[in-house]
Amino acid sequence: MAYVIGPISGCHINPAVTLGMLLTRKVSGTQAVFAWLGQLIGGIGGAAIVYGIASGRDDWERGQFAANLWSGPYFGVGAAIVAEVVLTALLVMVVLFTTGRKFAPGMGGLVAASR
């Protein structure tokens, strides 16, 4: 997605990355607000699509569809939160470091994808 929508919008598809970009002054407050609105609308649309696909099965039960094994009977909510915070921080660091002036242009998407 970095190569597809990056030149148009900066590829702000993750609210945490947008926050990191705002805090490092790579985007303005107005740009961040519009990015967050777009992310919210996109998230709701994506959730509706997943719900539509999953609820089409007769034996579908809410709670484990597309689970990442950090939730439910596998680990507690605390472990899921810690994993989410750590992995999100790593993603934000990769994006911030690969969008700097010293990093080779055009390589940020490859680095972020291989994370």
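Contact here means heavy atoms within 4.5 Å, and that is the sense in which one helix covers another below. The model is a predicted one.

Overall, the protein chain has five helices and zero strands, so in the DSSP-based reading used here the pattern along the sequence is simply α-α-α-α-α. Not much of the chain is tucked away: of its 115 residues, 18% count as buried. The accessible surface adds up to about 8600 Å², and carbon and sulfur atoms account for 69% of that. As for how the chain meets itself, take the contacts between residues at least 6 apart in sequence; 41% of these join residues at least 24 apart.

Helix H3 is a good place to start. With 26 residues, H3 runs 37 Å from its first C-alpha to its last, close to the 38 Å expected at 1.5 Å a residue. Its buried residues are Ala 32, Ala 35, Gln 39 and Ala 54, and H2 is part of what covers them.

Gln 39, a member of H3, deserves a closer look. Its relative accessible area is 11%, and since buried means under 20%, Gln 39 counts as buried. Leaving aside residues up to four places away in sequence, Gln 39 touches His 12, Ile 13, Asn 14, Pro 15 and Thr 18. Helix H2 spans 15-23, so Pro 15 and Thr 18 among these partners fall within the H2 range.

H2 and H3 also come together at the surface. Leu 19, Leu 23, Val 33, Phe 34, Trp 36 and Leu 37 form a nonpolar patch there, with about 600 Å² of accessible area together. Each of the two helices supplies at least two residues of the patch, but the largest share, four residues, comes from H3. One of the patch members is Val 33, which sits in H3. At 44% relative accessible area, Val 33 is partly exposed, because that value lies between the 20% limit for buried and the 50% limit for exposed. H3 therefore carries both the buried Gln 39 and the partly exposed Val 33, under the cut-offs applied here.

Further along, helix H4 takes in residues 77-98. Its 22 residues should span 32 Å at 1.5 Å a residue, and the end C-alpha atoms are 31 Å apart, so the two figures agree. The buried residues of H4 are Ala 83, Leu 91, Val 92, Val 94, Val 95, Leu 96 and Thr 98.

Technical notes: Residues are numbered from 1 along each chain as its sequence is written. This is a predicted model: local features need pLDDT of at least 70, side-chain atom pairs count only at pLDDT 80 or more; totals for chains, interfaces and linings use all residues. Side-chain values use heavy atoms; hydrogens and water are left out. The expected span of a helix is 1.5 Å times one less than its number of residues. Buried means under 20% relative accessible area, exposed over 50%, partly exposed in between (1.4 Å probe, protein chains only). Patches are made of residues with over 30% relative accessible area and no salt bridge: like charges are joined within 9 Å, nonpolar side chains (Val, Leu, Ile, Met, Phe, Trp, Tyr) within 5 Å. Accessible areas come from the Shrake-Rupley method with a 1.4 Å probe; for residues, only the protein chains shown count as cover. A salt bridge is a side-chain nitrogen of Lys or Arg within 4 Å of a carboxyl oxygen of Asp or Glu.
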